[in-house]
Amino acid sequence: MLKLSMLKVHPIPAFTDNYIWAIVYGNSCIVIDPGDSDPVFSFLNNNDLELDSILITHHHFDHTGGLVSLAKYYDCSVYGPKGGHIDGITHDLAENDEINVLDLNFKIFETPGHTLDHIAYFHSDSEDSLLFCGDTLFSGGCGRLFEGTPDNMYDSLNKFKMLPDETLVFCAHEYTESNLKFALEINPNNVDLIDYSKKVTKLRSKSEITLPSNIGLEKKINPFFLLDNPEILHKSEKFINKKISNPIESLAAVRSMKDSF
Ligand SMILES: [Fe+2]
């Protein structure tokens, strides 16, 4: 549980490694990417909360599977990517849209790469900056390119890179430890990465959550934010057996290395 000034953000674990994030504000709640309704119903009942709205980042079933039953039971709004391809969405969203839920303003970024429909939700006020990035950014990694291209993912990650360093990053999976194993393989002399990795290993040995991360940390340790790092470039060029001339080629090479790691 993360305690912020006016709101609390709780992880609701689902499946093997998903987190459904719940933003609690008074007695009301927003959930992001409810892939399964059962743990969300339990969380809401146990904490005597009313579901105000649901935010969806992309169409994958482990992010959407519970939305129809939750929306029906609580008669709530469901925000998600435009296109009409996800059952139950009541409010279509696109780049630069702004929504207001539970008195919280969220700006929408289109972040294709993992899927083509992927969007992210960014809230910022004088006290808190929060990013709900679904499967686009993970701590120490990024989503697999199931539908989009390396160019798409590069542009999407750049939108996040420009956010304030203190922005808390709420990723949708507990992938940090395995991401850092790979990151250390290609960037072994990064002292920030070494330090962070020790911290994460300790947390995971106690089965504790490693999230949220923050943008400032990711800029120091995430290989997908360090595409011009000489160590990473050298490993990437060796892997594809070709000179790399721009960061998109570097991202493609790092993603391929990770996919076969
Ligand atoms: Fe996904």
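Start by selecting Ile 232, Leu 233, Ser 236, Phe 239 and Ile 240 in helix α8; these residues meet Ser 250, Ala 253, Val 254, Ser 256 and Met 257 in helix α9. Seven residues of this contact are nonpolar, three are polar and none is charged. The structure on screen is a predicted model.

**The two helices**

Now show α8 as residues 230–240 and α9 as residues 247–259. Their axes come within 9 Å and cross at roughly 75°. An angle from 65 to 115 degrees counts as roughly perpendicular, so α8 is roughly perpendicular to α9.

Stay on α9 and check its length. The helix has 13 residues, and at 1.5 Å a residue these should span 18 Å; the C-alpha atoms at its ends are 18 Å apart, so the model agrees with the expected value. Next, colour Ser 250, Leu 251, Ala 252, Ala 253, Val 254 and Arg 255, which are buried in α9. What lies over them? The cover of the buried residues includes α4 (150–161) as well as α8.

**The loop before α4**

From α4, step back to the loop between β13 (141–142) and α4, and select Gly 148 there. Is Gly 148 buried or exposed? It has 22 C-beta neighbours inside 10 Å and therefore counts as buried. Leaving out residues up to four places away in sequence, Gly 148 touches Pro 112, Gly 113, His 114, Leu 116 and Met 153. For Gly 113, draw the C-alpha to C-alpha distance: the viewer should give 3.9 Å, although Gly 148 and Gly 113 are 35 residues apart in sequence.

**The six-stranded sheet**

Select β8, β9, β10, β11, β14 and β15. These six strands form an open sheet in the order β8-β9-β10-β11-β14-β15, with mixed pairing. Which strands stand at the edges? They are β8 (98–101) and β15 (213–214); each has a single partner strand, so one side of each is without a neighbour in the sheet.

Walk in from the β8 edge. Strand β9 covers residues 104–110, runs antiparallel to β8 and is joined to it by four bridges. To see one position in that pairing, select Asn 100, whose bridge partner in β9 is Asn 105.

Further along the sheet, select β10 (residues 119–124) and β11, which run antiparallel and are joined by four bridges. The two strands form a hairpin with four residues between them. His 123 stands opposite Leu 130 in β11.

Strand β11 itself spans residues 129–134 and is mostly covered, with five of its six residues buried. On to β14 (residues 168–171): this strand pairs with β11 in the parallel sense, over four bridges. Leu 131 has Val 169 in β14 as its bridge partner.

**Strands β2, β3 and β4**

Move to the start of the chain and select β3 (residues 18–25). Seven of the eight residues of this strand are buried, so β3 is largely enclosed by the rest of the structure.

Add strand β2 (residues 8–14), which pairs with β3 in the antiparallel sense over seven bridges. Ile 12 has Ile 20 in β3 as its bridge partner. The hairpin of β2 and β3 has three residues between the strands, and Phe 15 takes a positive phi near 50° in this hairpin.

Then add strand β4 (residues 28–32), which runs antiparallel to β3 and is joined to it by five bridges. Val 24 stands opposite Cys 29 in β4. How many residues lie between the strands of the hairpin of β3 and β4? There are two, and Gly 26 in the turn has a positive phi of about 65°.

**Last stop: Lys 219**

Select Lys 219 in helix α7 (residues 215–221). Lys 219 has 14 C-beta neighbours inside 10 Å and so counts as partly exposed. Not counting residues up to four places away in sequence, Lys 219 touches Lys 161 and Phe 225. Finally, draw a line from the C-alpha atom of Lys 219 to that of Leu 51: the two are 168 residues apart along the chain and separated by 34 Å.

Key
Residues numbered from 1 in each chain as written. Predicted model: local features only at pLDDT ≥ 70, side-chain atom pairs only at ≥ 80, totals over all residues. Axes fitted to C-alpha atoms, helices over the stretch in contact; angles between N-to-C directions. Parallel < 35°, antiparallel > 145°, perpendicular 65-115°, else oblique. Contact = placed C-beta atoms within 7 Å. Nonpolar A, V, L, I, M, F, W, Y, C, P; charged D, E, K, R; others polar. Pairing = 2+ DSSP bridges. Buried ≥ 20, exposed ≤ 12 C-beta atoms within 10 Å, placed from the backbone. Expected span 1.5 Å × (residues − 1).
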